[in-house]
Amino acid sequence: MTGRLHGLREPLLHVSKRDDISLFRRMLVRVIAVILALCVCAVVIHALTGLDPLQVYRGVVDGAVGTRRRAWVTIRDTLVLLLIAVGLTPAFRMRFWNVGGEGQTLIGGLATAAIMINLKSLPAPLLYPLMAATAVLAGLVWGVVPALCKAKWNTNETLFTLMMNYIATQLVAFAIIYWENPKGSSNVGVINPDTRMGWLPKLFGLDYGWMTVIVVALAAAMFFYLRWTKHGYEIAYVGQSVNTARYAGISVPRVIVRTMALSGGICGLAGYLLVTGSGHTISTGIAGGRGFTAITVAWLSKLNTFTMMMVSFLLVFMEKGAIQIASQFKLSEYASDIITGIMLFFVLGCEFFINYKVEIVKGRKSLE
């Protein structure tokens, strides 16, 4: 055995889990990660295109917040992404892998569009709450179905919620054919463009005022719910250990169904905001992949809904900026995706150094 170890020495690096790290250090690591990402992006940009990186970065900022209109579009998309991430949070804290945020958002938008089209003669004080309630109920059903199957037969929730996305997409596609306007166009068009019935009104003179109030209020409420309520305690307990939760007298099936009802309902509400406060139409692409991007937002934020605000803004900011530089500098969409990917790599990778400590072993000894 000694012969086999001849010439071997202790590893150069020693990795250990951190017991705790201050907020200042966590933020410092993330800032350093962003700076390093910008430096690497600058090298890649110059190598691939020969352009001045600073000029490209100015294009990113211009694309995201360069005009009042662009700034509000960035804020709007940030709010929708944030709301879906907030909806996924209770399920993820329970370790229920809900990847169906896309479908739950789509089905909420479909329910909203159905009310806008078929009940547009209702008075506004009745129409808006009815649309919101219908969207929440639709998303709730889309979340409860896989939850019931998980609670009763222990089905795989990842596959189940993923398949529900495809069902929602096909239902929306069918509705588009049924509601298409004009006939043969394969799209619904803007709903109620003349009367604007069902369109979210301005609040404080802002187009997205209501959207801002609703999303921020729900993010704050979810933070409180998960940390200081009995339901939040039960969700965390089930997430840590199902068997321990049962031993403590918690009804695990009830918690699973209740939590997914909440998760799906909030995602359904995001569909409501997309239809009434943003596009004023319904399409299979209205969710725009946000249901999947929100998974990244939730986990990158460590399920903290206030941190999600910053992460959501960062991702949308980069998305809008990437679109702008692709157009402004005649770059392909792949070039802008590379920049976004590098940013995400560093931002996600820095979490390793926040959670683990890497030390250089001095005076390494032989393993003989």
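Author: Buried means under 20% relative accessible area, exposed over 50%, and partly exposed in between (1.4 Å probe, protein chains only). This is a predicted model, where local features need pLDDT of at least 70 and side-chain atom pairs pLDDT 80 or more, while totals for chains, interfaces and linings use all residues. Residues are numbered from 1 along each chain as its sequence is written, and side-chain values use heavy atoms, without hydrogens and water.

Reader: Is Lys320 buried or exposed?

Author: Lys320 sits in helix α12 (helices are DSSP runs of H or I, at least four residues, numbered from the N terminus). Its relative accessible area is 17%, so Lys320 is buried.

Reader: Which residue meets Lys320 in a salt bridge?

Author: Beyond four places in sequence, Lys320 is in contact (heavy atoms within 4.5 Å) with Gly63, Ala64, Val73, Thr74 and Asp77. A salt bridge needs a side-chain nitrogen of Lys or Arg within 4 Å of a carboxyl oxygen of Asp or Glu. At 2.6 Å, N to O, the side chain that meets Lys320 in this way belongs to Asp77.

Reader: How many residues apart are Asp77 and Lys320?

Author: Happily, the helices help here. Asp77 is in helix α3 (residues 68–93) and Lys320 in helix α12, so the pair links distant parts of the chain. Their separation is 243 residues.

Reader: Which residues join Asp77 and Lys320 in one network?

Author: Both Asp77 and Lys320 are buried. Salt bridges that share partners bring further residues into one network with Asp77 and Lys320, namely Arg76 and Arg290.

Reader: How many residues apart in sequence are the parts that Glu351 and Arg30 tie together?

Author: Glu351 forms a salt bridge with Arg30, with the closest N and O atoms 3.1 Å apart. Because Glu351 lies in helix α13 and Arg30 in helix α1, the pair ties together parts separated by 321 residues.

Reader: Is Arg30 buried or partly exposed?

Author: Its partner Glu351 counts as buried at 11% relative accessibility. Arg30 has 23%, so Arg30 counts as partly exposed.

Reader: What is the relative accessible area of Glu157?

Author: Glu157 forms a salt bridge with Lys150, the closest N and O atoms being 3.1 Å apart. Glu157 is buried, because its relative accessible area is 7%.

Reader: How many salt bridges does a search of the whole structure find?

Author: Among them are the pairs Glu351 with Arg30, Asp77 with Lys320, and Glu157 with Lys150. Over the whole structure, the search finds 9.

Key
Helix = DSSP H or I, 4+ residues; strand = E, 2+ residues; numbered from the N terminus.
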